[in-house]
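User: Could you walk me through this model, one question at a time?

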Amino acid sequence: MNRIILRTLLFISVLSSTAYLFVSAQVQPPSVVILNAQVADGSGAPLRRARVRITGVHIARIGDFKPDKDESTIDAKGLVLAPGFIDIHNHSTKGIETHPLAESQLAQGITTLILGADGDSPWPIAPWLEARRENPASLNLALMVGHATVREQVMGKDFKRAATQVEIDKMAQLVDQAMRDGAIGLSSGLEYEVGSYSTTDEVVAMAGAAAKHRGFYMTHIRDEADKSFEALKEEIEIGERARIPLEHSHIKLGTVGVWGKAPDYIRAIEAARKRGVDFLADCYPYDAWESNLKVLVPDRQYENPKSVEKALADVGGSSHVTVVEFSPNPAYQGHTIEELARVNNVSQVEMFIRLIREGDAKNTEAGIIGQSMIESDIKAFYQQPWVMVASDGGIDSHHPRCAGTFPRVLGLYVREKHWLTLPEAIRKMTSLPAHRLGWTDRGLIREGAFADLVLFNPDTVIDRSTFANPSALATGIEKVFVNGALVWDAGKPTGARPGRILPH
Ligand SMILES: [Zn+2]
């Protein structure tokens, strides 16, 4: 290189850095320093005292430094500062349109919602995302494309059969399009009506299309009851054949026949992980699920008394099934099938069939809560390093997990039951989901990362939502920042809506 070029380069670089200094002095983004925080950085490392500077949308500095003169400060008073929680399984696609402040989510410290779970997503993807960009929420959103949604696009009402090769090719094409339009992966709900008729080959083809765009496959597997192990095997096969990272939705063992088998289930997963399968899972902190009535009957003979009898026995009896939503007859809502049978003077099996028929007549299905998991299984799953926290809830859900999940883990599983350390629980809410999403700029408190942050009181944080009052807000979450902006303060939203559509 000759000297003239060298000198020219030097000159240009001096020029540009002067220009940079000039510009940055002119439009310095606002900054604030959080003092006296115990920082849980999301990696699982122990808490440490540090000051954290937020400049604009980013975390600018962490350590023991002095705030600049006139720089604003927040005294954290020894509370815990963590990365904002990422909820990888959230059903707020409808709710976020009408409640963009997402109060019940911010009150849990959530700063990012991953929507489109269980095979069901908005369609088409691009205009939906565009509408969210135009009308932003208080928190960040990202969207999965739903397997059942795409399947219905291709097969219409004629979905109660295996798809043809031509149809499968078309589905893969639509997944490809959705990924180009901004979806971050493929979700499925193979236990639900539309998804349940798909073959493994069909799902592999669609997952393969998502994998080409570095997406992941998130699945509510084909069976979470007696056939949990077969369904897990299929999920792993899909991951291996489509070469796609797996996110096992709401890991559980949901019938009497598989209760207590978490150690075997974990062994099967560990074996796959050893073979190189990129398997992660999420788990909500409740022994009861929320779904539709028909999922109780895996052989789909909803009016066959024998099948129904087994279905009810499998979850521990009809007292374990509560109707929470039933538009044809709202009077049923809030009652167990056992109670409804008694009041209507019919057998429990007859009551179940009546619910099916009344629903079918109106082309709907009862929404139910089934209390059919046991604590030792939940604990075993939570203690695996590859299991993260996710709510499976969302704005307007009828399950207490919609407003309670993250504070419940921090208050009940960390503080009261000692199942997890605080840094480990936070890792499961932050860097672990970020890892599955392939995001390196969120989920950790580090310099240069986006300033999605939650400040909470580890001594008081707890859920207050119950099955009777599922939307009661959690307590102990003091402040929440999204992209550097304060969105939750003193028990309510600030009204700021700095949420972005991720990963962009
Ligand atoms: Zn699900």
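Here are some questions and answers on the metal site, a pocket and the aromatic pairs.

Analyst: Happy to help! This is a predicted model, in which local features need pLDDT of at least 70, side-chain atom pairs count only at pLDDT 80 or more, and totals for chains, interfaces and linings use all residues. Residues are numbered from 1 along each chain as its sequence is written, and side-chain values use heavy atoms, with hydrogens and water left out.

User: Which residues coordinate the zinc ion?

Analyst: Donors are N, O and S atoms within 2.8 Å of the metal (3.2 Å for Na, K and Ca), and water is not among the atoms, so sites may look incomplete. Here the distances run from 2.0 to 2.6 Å. The donor residues are Asp118 (OD, listed for two of the donors), His220 (ND1) and His250 (NE2).

User: What kind of arrangement do the four donor atoms make around the zinc ion?

Analyst: Four donors count as tetrahedral if all angles lie between 85 and 135 degrees; four count as square planar and six as octahedral if opposite donors are over 155 degrees apart and all others between 65 and 115; anything else is irregular. The angles around the zinc ion span 54 to 136°, so the arrangement is irregular.

User: Is histidine 250 buried or exposed?

Analyst: Buried means under 20% relative accessible area, exposed over 50%, and partly exposed in between (1.4 Å probe, protein chains only). Histidine 250 has a relative accessible area of 2%, so histidine 250 is buried.

User: How many charged residues are in the lining of the second largest pocket?

Analyst: Ala, Val, Leu, Ile, Met, Phe, Trp, Tyr, Cys and Pro count as nonpolar, Asp, Glu, Lys and Arg as charged, and the others, Gly among them, as polar. On a 1 Å grid over the protein atoms alone, a pocket is an open set of points where a 1.4 Å probe fits, with protein on both sides within 12 Å along at least five of seven lines, and lining residues have an atom within 4 Å of a point. The lining has eight nonpolar and six polar residues, and the charged ones number three.

User: What type of aromatic pair do phenylalanine 326 and tyrosine 332 form?

Analyst: The whole structure holds nine aromatic pairs. Rings of Phe, Tyr and Trp (its six-membered ring) pair if their centres lie within 6.5 Å; planes under 30 degrees apart count as stacked, over 60 as edge-to-face and the rest as tilted. With 5.6 Å centre to centre and 15° between the planes, phenylalanine 326 and tyrosine 332 are stacked.

User: And what type is the pair of tyrosine 382 and tyrosine 413?

Analyst: Tyrosine 382 is buried at 0%, and tyrosine 413 is buried at 3%. Their ring centres are 5.1 Å apart with planes at 70°, so the pair is edge-to-face.
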